[in-house]
Structures are given as structure tokens and as C-alpha cells.
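Trainee: I am new to this structure. Please take me through one part of it closely, the sheet and the helices around it.

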Amino acid sequence: MTDSGSWVSLFSGGKDSSWALYRALAEGLNVSHLLTVHPGEDSYMYHVPETRLAGLAAESIGIDLVEVDPGDLDAADVDDAGAQGDRELEPLEAALVELDAGLDGDLAGVTAGAVESEFQTSRIRGMCDRLGIDLFAPLWQRDPRELADEMLDAGFEIRIVQVAARGLDESWLGRTLDADALAELTALNEEYGVHVLGEGGEFETLVTDGPHMDRPIELEYETVWEGTRGHIRVTDARLGE
């Protein structure tokens, strides 16, 4: 894998894509842009909640953000998940082609935060093959608990912004993913099979501070609970000092 040319970080503001970006920067990759897809209400390929906060994160990180808004992807009720995943990838691929055309040098590759999802990773890898670029996926098939510990040890401040799994109640919304939370998630993994990193949509996150960020994201929010799942609704967000 080469560090020549420009890299684009597929970025939602969540912990996994943020860690992929952080590791890319640590490896010396020239990340010239972040790219966020705003998928609407539901998606097979993309992180959904609070992607609009990616702009604040990008400002704190100091890397230009490209935002792709394909409108609602109609993912709530589909017969063919594979075909849906392929369709959802099209606006991302088109945005990368357009971005590549405007770069001073070549597009070398993209970073992605996939941990275990072959559904997502195989499609991103196929896209990279079509575009003739590399894929940097430093979380791929790593031990989830080791990854979580590495994120906390590095100084990532991670907020849980959505939950949808047995054992995760409203008290988890807005909670910081710290050592105590990880211990509870490990117990919930043993009892219910909840993934320690929330892979598969059990929970979603937002990184509000980290070593790659100049200023923390400060949030005001309310919680929305829908019986067995819920999310935070951000009412105000800003960069702190």
C-alpha cells in the first residue's frame, strides 16, 4: 500500500470510521478529504444517526469534508438486500469519481471502519477495484474488545447515540463508552450476544473528542425511546474550547 497520492476517509463521525481515519493519519497516509453519506432514515451500507454532525467533526479535525446526500435510500422494506447494498453504493462511487477528477494528484485509496461486515466490506472492496484504488481497513477482523480498549487508550471520547439491542435500555442513550460501559457490554455479549462494538447496528456512536481533533464537540440533546430501541435527538451542537 502506498502513501503517495490523496486518500479519502469514508467518515460518519462514529467510532469505527474515526478510528480508521486516526490510524491512517498515524500511518502517514495523505488524507485530503473526509466523505460523509447522509442516508436518510435507514440504510444497509451507511451509519445513519446524526451524520450532520460530521461537519463539526471535520472542522475540529481540520480536513475538508465532502457531503453526499442521495435522499432517502428506501431501505426499510426491500426484498433483495444485496441489490439494495449495490444501489446504495452508487452515489458514493460517483462522488469519489468526481472528487478524483478535481484532485491535484491521483486518488490513492479510501479508509473504511468495517470490523466484521462482509456485506459492506466486499462492496467497498469491489468499488475500490473498479476505481483502481486501495482500501485501508485497519479494524477488519480485529478482536472487538481489543479495538475498544485501543480507542479508549488513545483518548477517544465516544458517545452512544442510538441503541437497538436486547439489554440496552434508554439509560445507554448519550452515555460515554468508557471502561465501565465496556465491562457491561462484555457481560451483555455473554448473556444476549450484544456485539462489544455494536457491529450490526446494536448501537451507534459519535466521537466527540480525540487526539486527532483540535476541539471537542459539545452536545445538547433529548432522548427518543420507542419501546425496544431509541436514539438521541441533538438540539444543539458546537465546538468547545
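Mentor: Here is a walk through the sheet, then the helices. Keep in mind that this is a predicted model.

Start with the sheet. It is open and has 5 strands, with parallel pairing. Their order is E3-E2-E1-E4-E5. Strand E3 (64–68) and strand E5 (134–136) form the edges, and each pairs on one side only. Neighbouring strands are turned by 25 degrees against each other on average, direction ignored.

Now pick out one pair. Strand E1 covers residues 6–10, and strand E2 covers residues 31–37. They pair in the parallel sense over 4 bridges. Within this pairing, Leu-10 has Leu-35 of E2 as its bridge partner.

Next, see what packs on the sheet. Helix H1 (residues 15–26) touches E1, E2, strand E4 (107–111) and E5. The direction of H1 makes about 170 degrees with that of E2. Helix H4 packs on the sheet too, touching E1, E4 and E5. The direction of H4 makes about 145 degrees with that of E5.

H4 also meets a helix. The axes of H3 (residues 81–102) and H4 (residues 118–131) come within 10 Å and cross at roughly 40 degrees. The two helices are therefore oblique to each other. Their crossing is right-handed. On the H3 side, the contact includes Ala-81, Gly-85, Leu-89, Leu-92 and Leu-96. On the H4 side, Phe-119, Ile-124, Met-127 and Leu-131 are among the residues met. The residues of this contact divide into 9 nonpolar, 2 polar and 4 charged. Among the residues in contact are Asp-86 and Glu-93 in H3, and Arg-123 and Arg-130 in H4.

Conventions. Residues numbered from 1 in each chain as written. Predicted model: local features only at pLDDT ≥ 70, side-chain atom pairs only at ≥ 80, totals over all residues. Heavy atoms only, no water. Axes fitted to C-alpha atoms, helices over the stretch in contact; angles between N-to-C directions. Parallel < 35°, antiparallel > 145°, perpendicular 65-115°, else oblique. Left-handed = near helix turned anticlockwise from the far one by under 90°. Contact = heavy atoms within 4.5 Å. Nonpolar A, V, L, I, M, F, W, Y, C, P; charged D, E, K, R; others polar. Pairing = 2+ DSSP bridges.
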